[in-house]
Amino acid sequence: MGLKEQLAEDLKTAMKAKDENRVGTIRMLKAAISNFELARTEPTNKDATKPITQADLLGVVDKQVKQRRESIELYEKGNRADLAAIEKAELAVLEAYLPMQLSREQVKVEIEGIHC
C-alpha cells in the first residue's frame, strides 16, 4: 500500500476514533502532498514530466517533520510549552509515516561492514 492510500485509511480510522489531533495532522499532510503534486505539474517545473514516486512523498513527510522540530525548538525557547506540546503531538503522528531510522551504532556497524 502506498503512502497516499495509507493516509486515507488512517484518516478514516482516526475519524471513527474521534482522534482530533491525528485527523488534523493527517489532513495537513494530505494537503502538503496535494500542494507538492500541484507544484510538480507546473509547466515551469523542470521535473514536471517525471512521475511522482513514494520517495518524493516521503520527502514531503520529512519536510513536515523538520518544520515541526523547528517549531518545537522555537516554542520552547519562547516559553510556549502549550504550543510546543501541540507540535510534539503532530510530530509523533508524522514520524510514523517515515521509514525506521538507524541509530548511530547501527550506522557505524554498517560502515565498518563496507570497509572490510
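Is K50 buried, partly exposed or exposed? In this predicted model, K50 is partly exposed, since its relative accessible area is 47%, a value that falls between the 20% under which a residue is called buried and the 50% over which it is called exposed. The side chain of K50 meets that of D47 in a salt bridge, with 3.4 Å from N to O.

Side chains of opposite charge can pair when their charged atoms come close. The structure holds 12 such salt bridges, and a few of them are worth following one by one with the model in view.

A good place to begin is K4, which forms a salt bridge with E37, where the closest N and O atoms are 2.8 Å apart. This pair links distant parts of the chain, for K4 belongs to helix α1 (residues 3-16) while E37 belongs to helix α2 (residues 20-40), and 33 residues separate the two. K4 itself counts as partly exposed, because its relative accessibility is 39%.

Another salt bridge brings together the side chains of K88 and E76, at 2.9 Å from N to O. Because K88 lies in helix α4 (residues 81-95) and E76 lies in helix α3 (residues 54-77), the pair ties together parts that are 12 residues apart in sequence. Both partners are partly exposed, K88 with a relative accessible area of 41% and E76 with a relative accessibility of 42%. Salt bridges can also share partners, and in this way K46, D47 and K50 are joined into one network.

From charged pairs we can turn to the packing of helices. Helices α2 and α4 pack at an angle of about 65°, and their axes are 9 Å apart; the crossing that they make is right-handed. On the α2 side the residues that meet α4 are N21, R22, T25, I26, M28 and L29, and their counterparts in α4 are A89, E90, V93 and L94. Sorted by class, this contact has six nonpolar, two polar and two charged residues.

Some of these residues appear again when we look at Q64, whose place is in helix α3. Is Q64 buried or exposed? Q64 is buried, because its relative accessible area is 9%, which is under the 20% cut-off. If its neighbours within four places in sequence are left aside, Q64 is in contact with M28, L29, A32 and L94. Of these partners, M28 and L29 in α2 and L94 in α4 also take part in the meeting of those two helices.

Definitions and conventions. Residues numbered from 1 in each chain as written. Predicted model: local features only at pLDDT ≥ 70, side-chain atom pairs only at ≥ 80, totals over all residues. Heavy atoms only, no water. Salt bridge = Lys/Arg side-chain N within 4 Å of Asp/Glu carboxyl O. Helix = DSSP H or I, 4+ residues; strand = E, 2+ residues; numbered from the N terminus. Buried < 20%, exposed > 50% of the residue type's maximum accessible area, 1.4 Å probe, protein only. Axes fitted to C-alpha atoms, helices over the stretch in contact; angles between N-to-C directions. Left-handed = near helix turned anticlockwise from the far one by under 90°. Contact = heavy atoms within 4.5 Å. Nonpolar A, V, L, I, M, F, W, Y, C, P; charged D, E, K, R; others polar.
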